[in-house]
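Please look over the sequence and the model shown here before reading on. The report is meant for someone meeting this structure without earlier acquaintance.

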Amino acid sequence: SNSGIMDNLAQTYYYLEEYGKAIEIFEEVISKKPTFATPYYYYALTLIKKGNKEKALTILKMGLDCKFSPLSITSKKDLETKILELDPGDGVVDNN
């Protein structure tokens, strides 16, 4: 899908440490409300690199609403772990 391609491009910018370009593309991807969690996760990681932990936490929580597949590189546990790193007192994580 177009969102998947844009997500891959944004991740490439993330790994190249071109965070401004990555954020611009991630914002476009997230505005389309993708149903897979990877763009939410990497967008949050990019925001953390830029010092915006509060927005990263919001984005991670949005990603929890996605459908998770064993074929995806991003798991629900990845998002939950990062949420707890940013906000250890957060009660959104279900340990069941």
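What follows describes two helix pairs and one residue in a predicted model.

The first pair joins helix H1, which covers residues 2–15, and helix H2, which covers residues 19–31. Their axes come within 8 Å and cross at roughly 160°, an angle over 145 degrees, and H1 is therefore roughly antiparallel to H2. On the H1 side the contact involves Ser3, Met6, Asp7, Leu9, Ala10, Gln11, Tyr13 and Tyr14, which meet Tyr19, Lys21, Ala22, Ile25, Phe26, Glu28 and Val29 of H2. By class, this contact of H1 with H2 has 10 nonpolar, 2 polar and 3 charged residues.

Ser3, which lies in H1, counts as buried because its relative accessibility is 15%, under the 20% limit. Leaving aside residues up to four places away in sequence, Ser3 touches Val29, Lys32 and Phe36.

The second pair is formed by helix H3 (residues 38–49) and helix H5 (residues 76–86), which pack at an angle of about 25°; this is under 35 degrees, and the two helices are therefore roughly parallel to each other. Here Tyr41, Leu45 and Ile48 of H3 meet Asp78, Leu79, Lys82 and Leu86 of H5, and by class the contact has 5 nonpolar, no polar and 2 charged residues.

The table sets out the geometry of both pairs.

| Helix pair | Angle | Axes | Crossing |
|---|---|---|---|
| H1 and H2 | roughly 160° | within 8 Å | left-handed |
| H3 and H5 | about 25° | 11 Å apart | left-handed |

Conventions. Residues are numbered from 1 along each chain as its sequence is written. This is a predicted model: local features need pLDDT of at least 70, side-chain atom pairs count only at pLDDT 80 or more; totals for chains, interfaces and linings use all residues. Side-chain values use heavy atoms; hydrogens and water are left out. Helices (H or I, at least four residues) and strands (E, at least two) are DSSP runs, numbered from the N terminus. Buried means under 20% relative accessible area, exposed over 50%, partly exposed in between (1.4 Å probe, protein chains only). Contact means heavy atoms within 4.5 Å. Axes are lines fitted to C-alpha atoms, for helices over the stretch in contact, and angles run from 0 to 180 degrees between N-to-C directions. Angles under 35 degrees count as roughly parallel, over 145 as roughly antiparallel, 65 to 115 as roughly perpendicular and the rest as oblique. A crossing is left-handed if the near helix is turned anticlockwise from the far one by less than a right angle, and right-handed if clockwise. Ala, Val, Leu, Ile, Met, Phe, Trp, Tyr, Cys and Pro count as nonpolar, Asp, Glu, Lys and Arg as charged, and the others, Gly among them, as polar.
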